[in-house]
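Me: I would like to go through this model with you and ask, step by step, what lies behind each term used to describe it. Please set each value against its criterion before you conclude.

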Amino acid sequence: MTTPVLSVRDLTVSFPSEAGRVDAVRGVSFDVAPGRTLGIVGESGSGKSVTSLAVMGLLDENARIGGSVTFDGEELLGKSDTQMSKIRGNGLAMIFQDPLTSLTPVFTVGDQIVEALTIHNSRMSRRAAWDRAVELLKLVGIPRPQERVRSFPHEFSGGMRQRVVIAIAMANNPKLIIADEPTTALDVTIQAQILDLIGTAQRETGAAVMMITHDMGVVANIADDVIVMYAGRAIEQAGVDTLFADTRMPYSIGLLGAIPRVDKAEKQPLVPIKGSPPLLVDLPDACPFAARCPIAVDACLAAEPQLLAVEGAVDHRAACIRAEEIRAGLIDGEPVYPIPEIPTSSLEQLPREDRKPTLEVENLTKTFPLTKGAFRKRKIGEVRAVKGVSFDIREGETMAIVGESGSGKTTTLLQIMDFAPQADGDIRIVGTSVTDIKGGRAERQLRRDVQIVFQDPVGSLDPRMTVFDVIAEPLRTVATPTAEIGPRVDELMDLVGLDPAHSDRFPAAFSGGQRQRIGIARALATNPRLVVLDEPVSALDVSVQAGVINLLDELKVRLGLSYLFVAHDLSVVRHIADRVAVMYLGGFVEHGDVDAVFDDPQHPYTRALLSAIPIPDPVKERTREHIVLTGDLPSPTDEISGCPFVTRCPLYQTLDPEQQIRCESEVPLLTGRPGVHVNACHYR
Amino acid sequence: MSRYLLRRSAGWLLMVVAVTNLTYLLAWAYLDPRSNYVGRRPPLSEQQIVNLLEPRNLDDGTPLLERWWNWFSSILFRWDWGVSPTGQSVNDQVAYRMWISGELMLGATILLTVLGIALGVYSASRQYRLGDRVAQGTSIITMNIPIVVAALGIVLLAIAFNNAVGSTVFYVTGSSSPGVSGFLPTLLDSVQHIALPTAALVLVGYAQYHFLQRSLLLDNIKSDYVRMARAKGLTKAQAVRKHALRTSLIPVTTQVAFSIPAIFTGAVLTESIFAWKGMGQYFIETISKNDVNGVVAVAAFGAVMTAVGAILADIAVVVLDPRVRVS
């Protein structure tokens with residue numbers, strides 16, 4: 001075996017906090033071999049980012065670090081900031097999570113790349129450094145690098161900025177690139193581009209990559225070896241194929257079971273891991289996962305299990321005393337996680353046409369004027385956020401709208417929630433047209449039928465109101481008698497799986513998943529017919545996300561709700577939705593039954609979107625063909641005469657010139673089997 | 001950019017004109033030049049008073065509209081801001097006093113800005129350590145000393161120092177000594193006069209920039225791009241200096257730009273204590289002497305300076321922050 005580039009032994013990191021000493025990393029050891037990719041997976045608070053920052057020497061000064069980190073034969077721990085700065089950015093480079101904030105806003109991207117070059121190479125001339133910067137930008141796929149090198153970060157989109165960050169990381173041909181959730185903040189099509197690019201960077205520089213992520217799909221896509229972290233420790237460590245095929249530690253099994261799959265049609269309920277990770281303060285000497293583990297035995301609490309080789313295989317180690325008993329997610333022939341029961345609805349037996357519509361949207365349009373001038377606003381153009389969208393939702397049905405950021409999904413939702421009268425169309429909620437609403441009373445009456453759950457469970461609950469008040473607020477608004485409010489709040493808390501006794505607490509006392517449940521309880525308070533969900537699970541960790549998705553599924557059946565669901569995560573959409581619409585630049589490009597659309601995508605954009613999602617299965621992932629879209633979403637202010645997707649369309653490239661003219665000049669309409677599966681492409 | 005500035009300047013000009021006219025009317029509602037003569041011994045007759053005031057456009061017997069037009073048209077056509085009840089030209093006073101104030105305030109403003117920013121950087125990079133705590137504690141105390149107390153304290157110290165040395169090193173009143181000539185002697189004399197008021201102004205004024213700079217820099221030190229700069233290979237000090245400081249200076253600069261008007265409009269109390277005949281002192285004087293034209297000129301001057309400060313702040317932001325583009 002070759003000498004590893006990076007070798008971490010028994011790394012510990014702790015921080016002082018008001019609650020006591022937080023042991024964020026508790027004895028992690030691993031090696032990264034040259035040219036290989038190590039994936040570190042875990043949920044928030046598992047210590048994966050702290051590990052990477054400890055390697056880089058970028059932790060806060062109050063962090064206590066122990067153990068040993070050897071990079072390229074040198075011990076890094078104990079080096080001073082000045083000594084470390086010689087290594088950082090030179091042999092050891094890092095890509096951060098949020099490209100929007102990781103570039104300094106007041107310097108050009110060229111300046112920032114040049115700085116990375118010259119700081120380690122003082123003899124390099126300015127000229128040579130700028131030339132190299134242009135070359136690097138070209139390498140990471142920035143069009144017209146000669147001009148763009150003088151642009152400022154705010155002139156770039158998120159994906160392009162992440163390319164610049166990667167260019168900086170590649171600048172000095174590092175031996176190891178640490179990527180900390182490099183694609184989490186990006187859309188799927190951009191994520192695919194960036195993952196490809198990290199592969200390219202690795203080939204160009206021959207570097208090893210340490211990829212930190214919470215996304216099992218990304219790991220399956222890119223990693224050679226995987227470490228799963230939980231509560232500051234590695235709890236399973238194996239080659240990527242072994243880990244996915246022969247998972248041993250119950251937590252890893254749970255993580256895999258908790259993610260919805262975009263490539264699976266059958267609707268099996270997801271398997272959530274109950275509870276939440278422990279606080280890393282004064283941990284007892286016991287398995288930290290025992291409290292959440294479905295197969296925990298008394299021995300689990302006796303001592304913390306060590307990371308030991310599974311059945312004598314050196315390259316597969318797990319920290320579970322029952323690892324030997326577990327085979328491919330089964331123990332004694334039973335699944336480790338019992339599959340929860342999700343009731344089926346009587347409504348689903350009814351054909352779709354016979355069910356009553358809860359929401360009908362006809363030709364919904366929203367434009368924002370662009371104005372100029374300080375006193376007298378002159379209109380100089382408009383942003384066409386939503387362009388003539390039509391759909392309906394029937395009782396007990398979930399309709400999902402998917403698309404990249406900026407595609408107009410949220411604007412569509414807000415128009416419906418605003419009861420915005422349409423000039424050339426209509427919005428009808430349970431049969432009532434919004435144009436018929438006159439006065440506040442009628443509006444409040446209709447408002448009972450439509451409620452919303454927001455994306456951010458932290459921001460959407462007033463921190464100064466108790467949970468009781470949060471849930472009671474809509475009840476009071478619709479003038480529910482005071483005597484009925486108390487029992488109703490208890491009922492709602494119970495319905496979403498929270499203890500009604502906790503209703504006098506403030507939102508801060510609850511975890512992210514629990515807060516989202518409070519948000520759902522609030523939405524259900526007025527017995528709505530339609531619940532609008534704006535990315536309800538995207539801010540949650542996967543193990544928690546599964547629980548919330550199951551809850552939504554269950555509520556739909558029990559209460560006969562309809563959902564309008566907006567998400568960018570297609571796996572979640574496939575799992576939860578009955579019907580789906582793919583949105584691009586303010587319009588639907590494909591719309592239909594979820595299985596029809598996902599199994600037989602027609603529009604080139606849908607195909608690209610679906611193929612861009614990494615699936616958590618390394619064997620399949622290797623054989624899948626990813627359609628990588630070039631470029632970004634065009635600006636919605638542009639006047640588009642034909643198909644809006646023309647600038648990025650892979651199909652368009654293969655057409656002959658006459659056919660291309662049609663794409664450029666004629667707006668495609670939704671055609672196909674109406675009501676079942678339609679798409680807006682001239683040649684599909 | 002120049003078109004934008006032109007448009008902004010035009011807007012501000014309108015504002016200044018409106019404010020000045022409004023002040024003129026208000027000043028007449030509250031100030032009464034006639035009362036300057038009422039208590040005279042021997043008493044002046046009504047006709048004598050009118051004869052004194054009328055040619056100076058200060059007689060309230062003349063209808064207000066006429067007075068206003070006389071005043072406004074003489075500014076508009078001859079740039080003549082009128083005279084005080086005693087016949088001094090307002091133009092001369094402002095032209096002379098504005099530089100006295102400038103001399104005093106410019107140095108003080110530069111010093112207190114530099115000191116404040118430097119201390120801000122120092123204590124931000126040592127957050128919660130001893131140096132930071134001492135610097136913050138000191139600033140809280142100095143910030144809360146009234147300028148009068150600070151000035152008088154400094155005067156007492158300076159007198160004690162002069163006595164101890166046995167010669168007058170620091171002058172405690174006036175902006176210059178009479179009868180000094182030659183470049184070097186004049187310079188030395190100015191420094192001897194200016195040292196004490198400057199010290200007083202800096203002492204009470206630097207703390208605002210200290211706190212502002214400290215908190216802005218702290219926000220930026222924790223930002224992702226400073227971490228990114230360190231990941232590129234800059235040491236922490238380099239990353240803070242190059243990446244955090246530049247961005248955190250933007251809001252400080254706007255604040256400094258807005259304080260520039262104060263340089264020329266003067267510091268009322270400091271000028272009174274140290275007997276500098278600057279704009280601040282003029283302001284008090286004109287009000288107490290019912291000098292309508294003088295008061296209005298001071299207000300107009302202040303308005304113009306505010307406009308200048310605002311436009312300077314705009315320019316500074318555009319120069320420093322590439323994200324801001326004017327249209």
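Me: Which residues does Phe565(A) touch, not counting residues up to four places away in sequence?

Reply: In this predicted model, Phe565(A) touches Thr398(A), Met399(A), Ala400(A), Leu533(A), Val573(A), Ile576(A) and Ala577(A), with residues up to four places away in sequence left out. Contact requires C-beta atoms within 7 Å, so each of these residues meets that limit with respect to Phe565(A).

Me: What makes Phe565(A) stand out in the largest nonpolar core?

Reply: The core has 258 residues, and Leu176(A) and Phe565(A) are the ones that touch the most other members. Membership requires a buried residue of a listed nonpolar type, and buried stands for 20 or more other C-beta atoms within 10 Å; Phe565(A), as a member, therefore counts as buried. Helix α8 (residues 183–221) of chain B gives the most to this core, namely 12 residues, while domain 1 (6–245) and domain 2 (347–449 + 528–679) of chain A each contribute at least three.

Me: How do you know that β18(A) and β24(A) pair, and in which sense do they run?

Reply: Pairing asks for at least two bridges, and strand β18 (residues 398–402) and strand β24 (residues 579–584) of chain A share four in the parallel sense, so they count as paired. One bridge links Met399(A) to its partner Arg579(A) in β24(A).

Me: Why are β21(A) and β26(A) called edge strands?

Reply: The open sheet of eight strands has the order β21-β22-β23-β18-β24-β25-β27-β26 in chain A, with mixed pairing. The strands β21 (450–453) and β26 (671–673) of chain A each pair on one side only, and are named edge strands accordingly. From one strand to the next, the twist averages 15°. Helix α11 (residues 409–417) of chain A lies across β18, β21, β22 (530–534), β23 (562–567) and β24 of chain A, at about 150° to β22(A).

Me: Why do β2(A) and β5(A) each have one side without a neighbour in the sheet?

Reply: In chain A there is also an open sheet of four strands, in the order β2-β1-β4-β5 and with antiparallel pairing. Because β2 (20–32) and β5 (74–75) of chain A stand at its edges with a single partner strand each, one side of each lacks a neighbour in the sheet. Helix α1 (residues 48–56) of chain A packs on this sheet and touches β1, β2 and β4 (64–71) of chain A, its direction making about 110° with that of β1(A).

Me: What makes β1(A) and β2(A) a pair?

Reply: Strand β1 (residues 6–17) of chain A and β2(A) are joined over 10 bridges in the antiparallel sense, and since at least two suffice, they are a pair. Ser7(A), for instance, has Asp31(A) in β2(A) as its bridge partner.

Me: How do you know that domain 1 and domain 2 of chain A touch?

Reply: Their centres, taken over C-alpha atoms, are 35 Å apart, yet 20 residues of domain 1 of chain A are in contact with 22 residues of domain 2 of chain A. Contact being set at C-beta atoms within 7 Å, the two domains therefore touch. On the side of domain 1 of chain A that touches domain 2 of chain A, the largest share, six residues, comes from α7(A).

Key
Residues are numbered from 1 along each chain as its sequence is written. Chains are lettered from A and ligands numbered from 1 in the order in which they are written. This is a predicted model: local features need pLDDT of at least 70, side-chain atom pairs count only at pLDDT 80 or more; totals for chains, interfaces and linings use all residues. Axes are lines fitted to C-alpha atoms, for helices over the stretch in contact, and angles run from 0 to 180 degrees between N-to-C directions. A nonpolar core is a set of buried Ala, Val, Leu, Ile, Met, Phe, Trp, Tyr and Cys residues joined through C-beta atoms within 7 Å. A residue is buried if 20 or more other C-beta atoms lie within 10 Å of its own, exposed if 12 or fewer, and partly exposed in between; C-beta atoms are placed from the backbone. Domain bounds come from an automatic or database domain assignment.
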